[in-house]
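Open the model in your viewer, colour it by secondary structure, and keep the selection panel handy. We will go from the whole chain to single side chains, one selection at a time.

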Amino acid sequence: ALWGEIVSHLTAKSDKLQKLPEDADRHALRLRLIRFLAERSHDSASKEFLLNALDQGPDDLRMQIIWGMRHARGLHGEDVYNKVKGLCDKGVIPEMFRGIALSNANPEMGLPEVLHILQTTQDKRIFVYTARAYEHNYKSTDHFDLIVRRIKELKLDGPFEKYPNGLFWID
């Protein structure tokens, strides 16, 4: 019960913070609060607040929510996935972060899209970001053959020092 009160209080404070004039310190505090809420929010008021913040932005705020959703107790669910997918489809969330955003929002619903990106993208950065999302959100070796094959196709294989591809966990 106490945790719910704390989250509700932070949500209310974040909402008030959104309406204040912006300065660098206030902006940094707002980003930290938003990420904290995305990492730990389950109540309906916080979820509604965060879904609205995803819609309204700005981009750095939106990305803090997406990174915060990575946590097991973070913002998740079918409605979150649908909101994030809609924003990805509109181009509001950059294509480079599509796999991360969808798998963070709902790992089960995001898996087909993550695998599709891993199989088809020719963009090395998108591939690396999506492969990292796969590693973090699925903790499975089921599709490592696909990832290894694509690393070779995209010419990302080689010594880490020469090709810092961000996939050190698969070397």
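The tour below starts with the overall chain and then moves through helices, a loop residue and charged pairs.

**Before you click**

This is a predicted model, in which local features need pLDDT of at least 70 and side-chain atom pairs count only at pLDDT 80 or more, while totals for chains, interfaces and linings use all residues. Residues are numbered from 1 along each chain as its sequence is written, and side-chain values use heavy atoms, with hydrogens and water left out.

**Stop 1: the whole chain**

Select everything. You will find nine helices and zero strands; here helices (H or I, at least four residues) and strands (E, at least two) are DSSP runs, numbered from the N terminus. Written along the sequence, the pattern is α-α-α-α-α-α-α-α-α.

Now switch on the surface. The chain exposes about 9300 Å², and carbon and sulfur atoms supply 55% of that area; accessible areas come from the Shrake-Rupley method with a 1.4 Å probe, and for residues only the protein chains shown count as cover. Of the 171 residues in the chain, 46% are buried. Buried means under 20% relative accessible area, exposed over 50%, and partly exposed in between (1.4 Å probe, protein chains only).

Contacts are worth a look too, a contact being heavy atoms within 4.5 Å. Among contacts in the chain with a separation of 6 or more, 63% are between residues 24 or more positions apart.

**Stop 2: a covered helix**

Select residues 98-105, which form helix α6. How many of its eight residues are buried? The count is eight of eight, so to speak a helix that is mostly covered. The buried residues are R98, G99, I100, A101, L102, S103, N104 and A105. Show the neighbours as well: what covers the buried residues of α6 includes α4, α5, α7 and α8 (124-138).

**Stop 3: a loop leucine**

Next, pick L75, found in the loop between α4 (59-68) and α5 (78-90). Is L75 buried or exposed? At 1% relative accessibility, L75 counts as buried. Leaving aside residues up to four places away in sequence, L75 touches A38, S41, K47, L50, I65, M69, V80, N104 and A105. Add L37 to the selection: L75 and L37 are 38 residues apart along the chain, and their C-alpha atoms are separated by 8.1 Å.

**Stop 4: two helix pairs**

Two packed helices are described by the angle between their axes and the distance between the axes. Axes are lines fitted to C-alpha atoms, for helices over the stretch in contact, and angles run from 0 to 180 degrees between N-to-C directions.

Show α2 together with helix α3 (residues 44-56): their axes come within 10 Å and cross at roughly 125°. That makes α2 oblique to α3; angles under 35 degrees count as roughly parallel, over 145 as roughly antiparallel, 65 to 115 as roughly perpendicular and the rest as oblique. The contact is made by I34, L37 and A38 of α2 and S46, F49 and L50 of α3. α2 passes α3 in a left-handed crossing, where left-handed means that the near helix is turned anticlockwise from the far one by less than a right angle, and right-handed that it is turned clockwise.

Then move to helix α7 (residues 107-120) and α9, whose axes come within 9 Å and cross at roughly 30°. These two helices, α7 and α9, are therefore roughly parallel to each other. On the α7 side, the contact is made by L115, L118, Q119 and T120, and on the α9 side by L146, I147 and R150. The crossing of α7 and α9 is left-handed.

**Stop 5: charged pairs**

Side chains of opposite charge can pair when their charged atoms come close. A salt bridge is a side-chain nitrogen of Lys or Arg within 4 Å of a carboxyl oxygen of Asp or Glu, and by this rule the count comes to eleven.

Stay on α9 and select E153 with R150. Their salt bridge has its closest N and O atoms 2.7 Å apart. E153 and R150 are three residues apart in helix α9 (residues 144-153), which means a separation of about one helical turn. R150 is buried at 2% relative accessibility, whereas E153 is partly exposed at 40%.

Go back to helix α2 (residues 24-40), where E39 and R35 lie four residues apart, about one turn of the helix. The closest N and O atoms of this salt bridge are 3.4 Å apart. E39 is buried, with 12% relative accessibility, while R35 is partly exposed at 29%.

Finish with D89 and R98, whose side chains meet in a salt bridge (2.6 Å, N to O). R98 is buried, with a relative accessible area of 7%. Widen the selection to K85, D89, R98 and E113, and you have a network linked by salt bridges.
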